[in-house]
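Please work through the following exercises with the sequence and the model at hand. Each task is followed by a solution in steps.

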Amino acid sequence: MDSFFQHKARKRFGQNFLVDENIIERIVRAVAPTESDKLVEIGPGQGAITELLLQRCPSLTAVELDRDLIPLLQFKFRNYLQFKIIEQDALKFDFGEFAADSPLRIVGNLPYNISTPLLFHLLSFKGKVRDMHFMLQKEVVDRLSATPGNKSFGRLSVMVQYHCRVQGLFPVPPQSFQPAPKVESAIVRLTPHEKLPFIAEDEKLLERIVNVAFQQRRKTLRNALKPLFPELDVNSFPVDASRRPETLGVEEFVRLANFCTQLEKQKNNKPI
Ligand code: SAM
C-alpha cells in the first residue's frame, strides 16, 4: 500500500493488527459469511479481516474509532460499493437502530481494553443480532465459556451465557499480531438464544444479584447476598444458601433472582 498510509499502531486504541494469513482465513471460515448477510465489523484497523469478509459478503459496515485509519480503509476498499465505514466509538454505537429489519452478524478483533463493557453493550441489542465472532484475550474467552466451579467462572460467564450460546473456537498466539500483544488470544462465537432457556422476570435484579454474589465469590451465598437483601430468610431460599456463588449455574441464579423478585413484589404490596 501507498507509503502515505503508513500507520503506527496506537496502544490507547488497543491496536494489535493481525498479520497471520492462516489465522485470518480461519476466522473468516468460522464466520462463514454469505452474500445476503448484514455484516458489521468492529475495529477494522487496517482491514486485515475486512478484505476476506468483503470478498464473501459485499454488505459490510465497519465501525472504527481511530480517525486516521478511515482514509486508508476508504481507499483500500473503494471498489466495494456497499462497504461503509462509520467513524465512531463502538461503545456508543446504536447497533439496534442500525440493524432495522435484518439481524446483524458482528465480527471483530476487539480492542482488549474495552472488551467487557463492549460485550455488555452488545448484549443490549441481542434481539437484533444473529451471531458474533470475536477475537479476545484468551482469559476472557475462558471466562465466557466457563462452567460452575471453574476458577474462570464469574459474572461475565453467567450474564453472557444467560443471553447467548458460547463457543470457544481456537487459540491465537501473540506472534500472529503486529505488534505482538503480551497475552494469548482466542476466537469465540456468541449466538444469542432465540428463546431464553431460563427466563429472569427482572433481568436488572439478576444482574445485581450476580454482581454482588461474585464480589464475594469465596463467601457463602447467605453472606454474599446480605448487602442486597439484609432481611432475607435464607431458609426459604430456592438454592442451598451455604453454597458458594461460584458453584451456582445460570439456571440456579435465575431461580434465585425470580425468588427475590417475588419477595420484592410481596413487600411492595404489603398493606402499611
Ligand atoms: N481488525 C484489525 C485487525 O485484526 O488487524 C484491528 C484490530 S485492533 C486489535 C482493534 C481495532 O479497534 C483498532 O483498529 C482500533 O483502532 C479499534 N478500536 C479501538 N477502540 C474502539 C472503539 N471504542 N470503537 C471502535 N473501534 C475501536
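The exercises below treat the sheet, its helices, the ligand site and two single residues.

The model is predicted: local features need pLDDT of at least 70, side-chain atom pairs count only at pLDDT 80 or more, and totals for chains, interfaces and linings use all residues. Residues are numbered from 1 along each chain as its sequence is written, and side-chain values use heavy atoms, with hydrogens and water left out.

**Exercise 1. The sheet**

Determine the strand order of the open sheet and state which strands stand at the edges.

Solution. Step 1: take strands as DSSP runs of E with at least two residues and helices as runs of H or I with at least four residues, numbered from the N terminus. Two strands pair if DSSP finds at least two bridges between them. Step 2: the 7 strands then follow the order β4-β3-β2-β5-β6-β9-β7, and the pairing is mixed. Step 3: β4 (84-87) and β7 (164-172) each have a single partner strand, so one side of each lacks a neighbour in the sheet. Step 4: from one strand to the next, the twist averages 20°; angles run from 0 to 180 degrees between N-to-C directions, with axes fitted as lines to C-alpha atoms, for helices over the stretch in contact.

**Exercise 2. Parallel pairs and strand β2**

Describe how β3 pairs with β4 and with β2, and which way the residues of β2 point.

Solution. Step 1: β3 (residues 60-64) runs parallel to β4, joined by 4 bridges, and T61 is placed opposite K84. Step 2: β2 and β3 are likewise parallel and joined by 4 bridges; here E41 faces A62. Step 3: from β2 (residues 39-42), L39 and E41 point one way and V40 and I42 the other, and all are buried. Buried means under 20% relative accessible area, exposed over 50%, and partly exposed in between (1.4 Å probe, protein chains only).

**Exercise 3. Helix α6**

Which residues of α6 are buried, and what covers them?

Solution. Step 1: in α6 (residues 138-145), the buried residues are V140, V141 and L144. Step 2: these residues lie on the same side of α6, because their arc around the axis is only 100°; the arc is that of the directions from the helix axis to the C-beta atoms. Step 3: an α-helix has 3.6 residues a turn, so residues three or four places apart point the same way. Step 4: the cover includes α5 (115-123), β6, α7, β7 and β9, where contact means heavy atoms within 4.5 Å.

**Exercise 4. The ligand**

Identify the residues that come nearest to the ligand and give the polar distances for E64, L65 and D89.

Solution. Step 1: of the 24 residues around the ligand, L18, G43, E64, D89 and N109 come nearest; a residue is near if one of its heavy atoms lies within 4 Å. Step 2: a side-chain N or O atom of E64 is 2.5 Å from a ligand oxygen atom. Step 3: for D89, a side-chain N or O atom is 2.8 Å from a ligand nitrogen atom. Step 4: a backbone N or O atom of L65 lies 3.4 Å from a ligand nitrogen atom.

**Exercise 5. Two residues**

Is E35 buried or exposed, and is Q137 buried or exposed?

Solution. Step 1: E35, in the loop between α1 and β2, has 66% relative accessibility and therefore counts as exposed. Step 2: leaving out residues up to four places away in sequence, E35 touches R56, C57 and P58. Step 3: Q137, in strand β6, is buried because its relative accessible area is 19%. Step 4: beyond four places in sequence, Q137 contacts Y112, V183, E184, S185 and A186.

Notes. A polar contact is a pair of N or O atoms within 3.5 Å; within protein, one must be able to donate a hydrogen and the other to accept it, and residues adjacent in sequence count only if both atoms are side-chain atoms.
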